[in-house]
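Let's take a friendly walk through a protein chain, starting with its overall build and ending at a single residue. Have a look at the structure, then read on.

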Amino acid sequence: MAESDNPVQFLQSATLSDNLYLEKKLRNEDSSTDENNHILTNPKNLDDIIREVDRAIPAQFLGTVAGTTNANTEGTTLHTFGMFSKHDSFEVLQKWEGAVISVGTDSFVARLRDLSFYSEEDEEAEFPIEEISQADIALLAPGAVFYWCVGYWDTVIGQRRRASEIRFRRLPTWSKMQLEKARKEAEELSELLAWK
Amino acid sequence: MASLKREFESRSIVLLGSFNPAIYQPAWLGHMGLLRDEEVKNAKVEVVHPEISSITIGTIKIQVQSQRFLGITENPGESEILRDLVVGIFKILPHTPAHQLGLNSDTHFNLDSEENWHALGHRLAPKEPWKGVFTNPPGMRSLTMEGRRDDGRSGYVRVKIEPSLKIKHGVLININDHYEIPEYKPENGCAAIIDILTSTWNDSLKRSQLTSEVLLGS
């Protein structure tokens with residue numbers, strides 16, 4: 001059966017060849033890019049792609065986006081097998097959510113909640129600041145939330161190493177305009193309540 | 001069975017609503033403070049188009065179509081990072097209409113032996129009712145069960161179990177924790193869905209864990 005006649009078969013081969021299914025389909029000979037670097041394709045081709053993705057799901061759990069055209073009936077189920085190309089994997093032994101209580105010169109203290117559900121009780125722990133990556137160091141402050149994960153990294157070439165990683169929660173940055181708007185609203189509210 | 005052997009896990013968040021795929025680009029996420037600089041630099045853009053976009057940031061993939069938003073990670077250590085990213089995106093875009101939410105987990109378990117594997121199939125799908133249908137002994141290919149929510153919210157929990165294609169003598173358990181906003185109006189944006197996402201996340205994870213333990217008899 002020709003590739004285009006059999007979306008399931010096509011998805012299988014695309015999944016195996018690095019899972020760049022969409023890219024592969026969109027970068028066919030009819031494709032080009034516009035001035036905004038959008039990858040252009042003719043509408044029929046894009047529709048075909050979306051339909052193929054949808055049709056493939058009920059037939060077998062090949063794993064890609066499901067249910068665009070029948071989203072309301074298919075709901076929010078997703079089969080994920082094969083969405084990513086082969087990559088290193090991480091086996092979690094335990095993970096915690098931490099909230100920074102205090103920050104010292106070389107270390108910080110945090111309250112930890114077990115996200116692996118082994119323990120219901122919070123714990124306190126002290127961490128060396130050098131454990132934090134440079135990308136997250138600016139986020140270290142009392143009240144900041146972070147995730148601490150302990151486990152094994154398994155590389156695609158079969159090596160395994162024990163790993164511990166701390167990542168801080170990132171929240172949206174408020175723009176100057178948003179801050180100014182919030183300040184004005186606070187002032188108006190303050191005047192309304194006659195707070196001085 | 002002594003303890004569950006998880007070999008591959010993924011966690012995903014699916015929102016149904018009305019989205020503008022072209023927005024979801026690594027540079028924009030970085031600009032809004034939701035990604036580290038090096039994540040923006042190393043992100044892979046598979047496609048960005050007004051009708052569909054697909055980007056990969058480390059072990060997190062974001063795929064957006066006009067009616068569907070998907071965030072997924074195959075690294076269970078980053079499931080909270082994924083959640084925060086999705087919450088962050090829709091805190092910035094609060095007017096985005098979104099009326100359904102799915103918290104999904106796909107976990108492949110190693111059952112260690114063919115005997116255990118068949119025993120699970122026989123327990124979940126007894127063969128007695130099938131006598132007379134098949135000449136040769138049948139096997140369970142896939143089983144889906146769905147139950148109404150018991151937390152007062154609208155939606156359902158759907159559990160699907162089937163043989164793993166990744167592990168010999170393994171099974172894949174797919175759990176779709178599905179939420180809906182009753183009598184939703186698009187002008188209400190996505191605040192209600194994001195509130196559900198943040199407030200039910202841990203319960204959903206616990207439910208996934210418990211479901212697997214019950215089904216696999218741990």
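## A tour of chain B

Chain B has nine strands and five helices in its secondary structure. Keep in mind as you look that the model is predicted. Read from the N terminus, the elements of chain B follow the order β-α-α-β-β-β-β-α-β-α-β-β-β-α.

Now for some overall values. This small table gathers them for chain B.

| Property of chain B | Value |
|---|---|
| Box filled by the C-alpha atoms, along the principal axes | roughly 60 × 40 × 30 Å |
| Share of the 218 residues that count as buried | 56% |
| Exposed area | about 9800 Å² |
| Share of the exposed area supplied by carbon and sulfur atoms | 52% |

How do the contacts in chain B run along the sequence? Take the contacts between residues at least 6 apart in sequence: 68% of these join residues at least 24 apart.

Charges are worth a look too. Chain B carries 24 positive and 27 negative charges, and the mean positions of the two groups are 3 Å apart.

## Zooming in on one residue

Let's finish with B:Q63. Which strand holds B:Q63? This residue belongs to strand β4, which covers residues 60-65 of chain B.

Is B:Q63 buried or exposed? Its relative accessibility is 8%, and buried means under 20%, so B:Q63 counts as buried. The side chain of B:Q63 also has a partner: it makes a polar contact with the side chain of B:S54, at 3.3 Å.

Definitions and conventions:
Residues are numbered from 1 along each chain as its sequence is written. Chains are lettered from A and ligands numbered from 1 in the order in which they are written. This is a predicted model: local features need pLDDT of at least 70, side-chain atom pairs count only at pLDDT 80 or more; totals for chains, interfaces and linings use all residues. Side-chain values use heavy atoms; hydrogens and water are left out. Helices (H or I, at least four residues) and strands (E, at least two) are DSSP runs, numbered from the N terminus. Buried means under 20% relative accessible area, exposed over 50%, partly exposed in between (1.4 Å probe, protein chains only). Contact means heavy atoms within 4.5 Å. Accessible areas come from the Shrake-Rupley method with a 1.4 Å probe; for residues, only the protein chains shown count as cover. Lys and Arg count as positive and Asp and Glu as negative; His and the chain ends are not counted. The place of a charge is taken as NZ of Lys, CZ of Arg, CG of Asp or CD of Glu. A polar contact is a pair of N or O atoms within 3.5 Å; within protein, one must be able to donate a hydrogen and the other to accept it, and residues adjacent in sequence count only if both atoms are side-chain atoms.
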